[in-house]
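Let's take a walk through this protein together. Have the structure open beside you and follow along as we go from strand to helix.

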Amino acid sequence: MICCYQIAFGGVISVAKPSVFRAEHSMAPDVSPDRSISPRRRDLVFIVNPLGANGKTGKEWKKLLPYLRSRLDTDCNICESFTSGPSHAIDITREAIREGADAVIAVGGDGTLHEVVNGFFWAGRPVTNHDRESAHSTALGLIPLGTGSDFARTFGWLVVFFYPGFI
């Protein structure tokens, strides 16, 4: 289940839709209270393995989410989706990309990252946005909260976004 939080003008709109990512706003720029046009908010989908690291990933995510909201709320829609079993992150990732997510961020260990990376592809080809005419690409991110998180540790990374100039 993906839960998308859109923070606008101090209010929170919570939307839950099983296995589907849907932006609750138009892709046009947002209009601020003073009626000036601001850049459109980025859609970030965090795919969390709540049982990773013997349940530690889910607990750490609950602590991290308020911090992310406090730092990203003005520019981003934060969507979270919890995996329910093997290969679920693959399906969530594909749907998020097809629906136009700006970034899909794996929250967990190497297994979660592996599934999310695989979700970027279908039958050997990259998954694309439903709007084939847009030149939109989705960034891959990682918040390593797994037991080993060897991929991130190998490179000395704490939080990673694979997209030049993103965030």
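Start with strand β7, where Ala 103, Ile 105 and Val 107 point one way while Val 104, Ala 106 and Gly 108 point the other, and all of them are buried. In a regular strand, side chains take turns between the two faces of the sheet. The strand is mostly covered, with six of its six residues buried. Keep in mind as you look that this is a predicted model.

What does β7 pair with? Five bridges join it to β5, and the two run parallel. One spot to find is Val 104 of β7, the bridge partner of Val 45. β7 also pairs with β10, again in the parallel sense, over six bridges. There, Ala 106 has Leu 142 in β10 as its bridge partner.

Now move to helix α2, which is mostly covered too: nine of its eleven residues are buried. Among them are His 88, Ile 90, Thr 93, Arg 94 and Glu 95. Ala 96 also sits in this helix, and it counts as buried because its relative accessibility is 0%, under the 20% cut-off. The C-alpha atoms of Ala 96 and Phe 120 are 9.7 Å apart, although their positions lie 24 residues apart along the chain. After α2 comes Gly 100, with a positive phi near 95 degrees.

Helix α3 covers residues 110-119, and its buried residues are Thr 112, Leu 113, Glu 115, Val 116 and Gly 119. Seen down the axis, these fall within an arc of 165 degrees, so they line one face of the helix. What do the buried residues of α3 pack against? Their partners are the strands β5, β7, β8 and β10 and the helices α2 and α4. That brings us back to β7, β5 and β10, the strands joined by the bridges above.

Two cysteines are worth finding as well. Cys 76 is buried, at 2% relative accessible area, and Cys 79 is buried as well, at 0%. How many disulfides does the model have? The count comes to zero.

Finally, a word on confidence. The protein averages a pLDDT of 76, and 69% of the residues score at least 70. Over residues 1-32 the pLDDT stays under 50, though the model has 82 contacts beyond four places in sequence for them. Residues 163-167 are also below 50, with eleven contacts beyond near neighbours in sequence. Where pLDDT is low, the predicted coordinates should not be read in detail.

Technical notes: Residues numbered from 1 in each chain as written. Predicted model: local features only at pLDDT ≥ 70, side-chain atom pairs only at ≥ 80, totals over all residues. Heavy atoms only, no water. pLDDT = per-residue confidence, 0-100. Contact = heavy atoms within 4.5 Å. Buried < 20%, exposed > 50% of the residue type's maximum accessible area, 1.4 Å probe, protein only. Helix = DSSP H or I, 4+ residues; strand = E, 2+ residues; numbered from the N terminus. Arc of directions from axis to C-beta. Disulfide = S-S within 2.5 Å. Pairing = 2+ DSSP bridges.
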